[in-house]
Amino acid sequence: MIMNQDGMEESAKNIEGSSGNTSLPLVLKKLLLSRDETLQVASAHCITAVLVHSPAKHAPAFIHADIPEFLFEHLSSSSEVLVWSSCNCLTLLVEEPLFFSKCHTVYGIEAVVRSLQGSLKMNNIELHKQGLLLFAEILTRQPEEIKLFTSSAMCRDAGRALQEAVSSPVLEVAAEALKATSAFLRKDHQSTPPVQYGELRALLEAMLNRCAEFSQTLLSRRPLGHASSRDSEKAILQRGKFLLSTLEGFRSACRLAIEFQSEPSAQENPFTAPSAKKEDTLEAFSEFLLSACDSLCIPMVMRHLEQTTHPALMEVFLSILHNLFVIVPHMKEKFSKKLEDLVLGRWMRASSSFIRLTLELKARFCSDLSHSALNQVCSNFLYYMCLNLLSAPEKTGPPSKEELSAVSELLQHGLPQISSRSPESLAFLSDRQYMEGAARQRQYCILLLFYLAYIHEDRFVSEAELFEAVQSFLLSLQDQGERPPLVVFKASIYLLAICQDKDNTLRETMVSAIRKFLEGIPDLQLVYTHHPLLLRFFLLYPELMSRYGHHVLELWFFWEDSSYEELDDVTSAGQPALPASLVVLFQLLRSIPSILLILLDLIYSSPVDTAHKVLNSLRTFLRRNEDIQVGGLIRGHFLLILQRLLVEHGASPSGASGNLPLLLSLLSLMQLRNVSEQELDSVAMKLLHQVSKLCGKCSPTDVDILQPSFNFLYWSLHQTTPSSQKRAAAVLLSSTGLMELLEKMLALTLAKADSPRTALLCSAWLLTASFSAQQHKGSLQASRTWGLALYPVPCQVHQTLSVEMDQVLKALSFPKKKAALLSAAILCFLRTALRQSFSSALVALVPSGAQPLPATEDTVLAPLRMSQVRSLVIGLQNLLVQKDPLLSQACVGCLEALLDYLDARSPDIALHVASQPWNRFLLFTLLDAGENSFLRPEILRLMTLFMRYRSSSVLSHEEVGDVLQGVALADLSTLSNTTLQALHGFFQQLQSMGHLADHSMAQTLQASLEGLPPSTSSGQPPLQDMLCLGGVAVSLSHIRN
């Protein structure tokens, strides 16, 4: 027999010899060439029978006889038996390397793909399996230097055939297709350029979806009752094999993406139009791999882990995760965080992370030096994930390159040595015996792993045990005179802070050891981790707070979110929930008030963004903790800061610190926090002096400093007792600089250019009105100047404020847009001046340019002129029509003072002004504001005023009766205190007139008076009198009355 001849070369010679010495390969070749299908099948069977005995010995003879060429041709036959026999025969021949060197696969690959496409449309499962087996063997054994697919179209057809095969409902066919897919995903099998990433993505999606479908099918078919455990184990094993094959295919795709990263021609399709959306690129494919792993691979593996753990499967799975760090480098930190935050299910009987998962795998399979490949994969995965997590912490800056390099070396040497379970690792960490270098590095690695796990809420070891272990570790370092790497000490501090129980504190020796370690660190930020409990840790121990409290709070606010900046001061039932970070901070502030002093320093000395966060948190704390009396503490410390500032930057305090306005706003908030009237103590008086001194050194353009300063001064005057008001006014009036500043600002009211903000002008007019009222009320005319005594004597007015009446009236006649509060403030000033008959020693009216000769009536009304009176009345009427509640109250108050002023000098003129027909039109315009509009306080006061001057042309007796009837029908209990006061004044005025002819009206009046609550006649201002409107400190009672 020819097949028994020795040597391949001799066989080849015999094949090429004379026809008289015919060899078996030639005979079988002739049979293959025959047109008889039966002979062709028999020939293929004979070849298979020979090769089965010894493929390596006999395959070369058939290859040299070009048998593969004819077998490839028969793959296109319509006979399923012939196609199956040819595939079987070729599968044996491809085991011989000569098969590829003769390039038979390049010649026959198209026939294989076409045959596979055709066979998949048939129902012959064995033919499907054999065709896929042949295809997989060719793809696997094809040398890299010989290109298998010579065209993009053939490569695309091959991928689509595999996509159809992996989607087969027959598990055996899909399993063979998975093996072929894994072999197909090789760099040399892909067409470049362009790489058909879209086709590769479709293939992988089909593969993963088929695996997910198979897993779900098995889960839904779990046997119930007393089903055989053997069948269940077989199903789990079957699913594990299928999942392993799927993961191997996915790993091949990951490797392919990594290999293409080094080839510029494979980055994207060069034939894509520049304006087209570039989806068929390596970047898009890489992101797809990451997304597919996240949504499909990880869930499938986790479900499988709930039933069994297979080392080979986990090795492939973790190598995929490791590859993804390289494939999508710009997302590796985000991917690492997601892996660590991922809940893995019931496999560990608790929520877990990939750190815990990987450590458990190492402890279970790698402790006895077995599964070295799994140990290496686990170590590599942990190495990359730890570095990624450390490189991109949640809220603090990344470590330096030097630190990362040191950590990298530490992890590379230490991770392969860790194969112990958590209790053993804790015991090793707690060991205080002398540690050699390798053992110490292993401790470092264990500590870092616990640190990263705890950061991502994976507390798979007991907090109490870890708390003790970390203390022992640090004391061991101290005993041996060692200093740990910065990242290791950072991890130690964090774990101590997190694991410390509320009732369990560190021993003094431990606190001293920590402080010694900290003293050797150049910057606290190097070991800072942003967490509320770390803040608590540093502030809880006086030894640490005194040295590091300022710095740790500065770091805390620097990295803290500002999402709580706009928490409104609402009722306790409706208060929004505080962030957990603020809850911890507020608890510390309640228990350790001295922290407030550090926060004040931070507001003054920190960058503006950080200072804003401190201010907002303090504002929220003060609003929500009104029972905490810290005003004296804050004011005393603020006084020291302000004194230091004025000493160091006396000439230009506005340039001292950009955060000074924030401190001043906090000071004004502290003043607003005082609900009841309180005596001003010595600290408060000194603060008034220093703030007024500060204002005197500023210019009108220093709005940020002046606005909170003016608010503080205004509230201080209006939120204290009458005796303290006199003392406070004496302090402020003695400040010449403040008075000069106010005069400049009043003159800027009508200025268009370089004008300060409207809010600041409001405060200036309100302060001027307050100063004038207090000065006139107390007759502060003494010659002595004020010192810093607790009970100063009144002082002389050192600076007179000059105000041009025509300019004031012009501001009211032509008010600025959206400046109702400014008009109200000017009216408040005018009301005060009118009540004082312009006799104030503080405010002097000066003429505006040349004045006409005064008329007789001007002489009576001096210093006012009749033209100014008319201008003022028209301005008041126009402002009343705006129907702004606060402005309307100020208008009525000013009109009352004006008529009183006129009545004292010329009752006829007062009556003439009050009886103008336009007043009736004005009144009914205001009454047209809605139902029961006559119960608005400004309208009640206006009707009272007209009745006082018996202006029946404005309001007739019948109309007064209608008002009384409306009052009788109204529910007085729903009216505000201000409205009730105005209503009481209206009734008193009608009662004092004594000429009501209608008896029923008198009875109605009497019933209404008896129905009023007794408190309305007291004249007390409402409880919420002090407000901040548009950034301006306002006393509602001051503006109204």
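**Stop 1: Ser763 and its partner**

Select Ser763 and Gln707 and show their side chains: a polar contact of 2.8 Å joins the two. This is a predicted model, so read that distance as a computed one. Ser763 sits in helix H36, which covers residues 758–778. Is Ser763 buried or exposed? Its relative accessible area is 4%, so Ser763 is buried. Now expand the selection to the residues around it. Setting aside neighbours within four places in sequence, Ser763 is in contact with Gln707, Phe710, Asn711 and Val1032. Keep Phe710 in mind, since it comes back at the core stop.

**Stop 2: along H36 to Thr758**

Stay in helix H36 and pick Thr758. Thr758 counts as partly exposed because its relative accessibility is 28%, between the 20% limit for buried and the 50% limit for exposed. Label Lys816, Ala819 and Leu822 next: Thr758 touches these three, once residues up to four places away in sequence are left out. Then draw a C-alpha to C-alpha distance from Thr758 to Gly1030. It should read 9.8 Å, for a pair that is 272 residues apart in sequence.

**Stop 3: zoom out**

Switch to a cartoon of the whole chain. What does the secondary structure come to? There are 48 helices and four strands. The chain has 1041 residues, and 53% of them count as buried. If you have a contact map up as well, consider the pairs at least 6 apart in sequence: 75% of those contacts join residues at least 24 apart.

**Stop 4: the largest nonpolar core**

Go back to Phe710 and add Phe149, Leu289 and Ile514. These four have the most contacts inside the largest nonpolar core, which has 345 residues. Which helix gives the largest share of this core? Colour helix H14, residues 282–305: it supplies 13 residues. For a close-up, centre on Leu289. Beyond its neighbours within four places in sequence, Leu289 is in contact with Leu204, Phe250, Ala253, Cys254, Ala257, Leu324 and Ile327.

**Stop 5: helix H5 and its cover**

Jump to residues 67–74, which form helix H5. Why call H5 largely enclosed by the rest of the structure? Because six of its eight residues are buried. To see them, select Ile67, Pro68, Phe70, Leu71, Phe72 and His74. Now bring in what lies over them. The cover includes helices H2 (24–33), H3 (37–53) and H4 (55–64) on the earlier side of the sequence. From the later side, it includes H6 (80–93), H7 (98–101) and H8 (104–119).

**Stop 6: Arg440 in H21**

Next, select residues 437–455, helix H21, and pick out Arg440 within it. With a relative accessibility of 2%, Arg440 counts as buried. Show its side chain along with that of Gln480, and you'll find a polar contact of 3.1 Å between them. Leaving out residues up to four places away in sequence, Arg440 touches Met435, Phe473, Ser476, Leu477, Gln480 and Glu482.

**Stop 7: the largest cavity**

Leave H21 highlighted and turn on cavities. A search of the whole structure finds five of 30 Å³ or more. The largest has a volume of about 90 Å³. To frame it, select Leu359, Glu360, Ile418, Ser420, Arg421, Ser422, Ser425, Ile446, Leu449, Phe450 and Phe460, which line it. Helix H17 (354–365), helix H20 (422–430) and H21 are the elements that each give two or more residues to this lining. Which of them gives the most? H21 does, with three residues. Colour the lining by class and you get six nonpolar, three polar and two charged residues.

**Stop 8: the second largest cavity**

Finish at the second largest cavity, with a volume of about 70 Å³. Its lining is Val873, Leu876, Gln877, Leu880, Leu895, Leu899, Val913, Ala914, Asn919, Leu922 and Phe946. Helices H40 (866–881), H41 (885–905), H42 (907–914) and H43 (917–927) are the elements giving two or more residues here. H40 provides the largest share, four residues. Colour by class again: this lining has nine nonpolar and two polar residues, and no charged ones.

Note on methods:
Residues numbered from 1 in each chain as written. Predicted model: local features only at pLDDT ≥ 70, side-chain atom pairs only at ≥ 80, totals over all residues. Heavy atoms only, no water. Buried < 20%, exposed > 50% of the residue type's maximum accessible area, 1.4 Å probe, protein only. Polar contact = N/O pair within 3.5 Å; in protein donor to acceptor, adjacent residues only side chain to side chain. Contact = heavy atoms within 4.5 Å. 1 Å grid on protein atoms, 1.4 Å probe; cavity = no way out; pocket = protein on both sides within 12 Å on 5 of 7 lines; lining within 4 Å. Points joined across faces, edges and corners; volume = space filled by probe spheres on them. Nonpolar A, V, L, I, M, F, W, Y, C, P; charged D, E, K, R; others polar. Core = buried A, V, L, I, M, F, W, Y, C linked by side-chain atoms within 4.5 Å.
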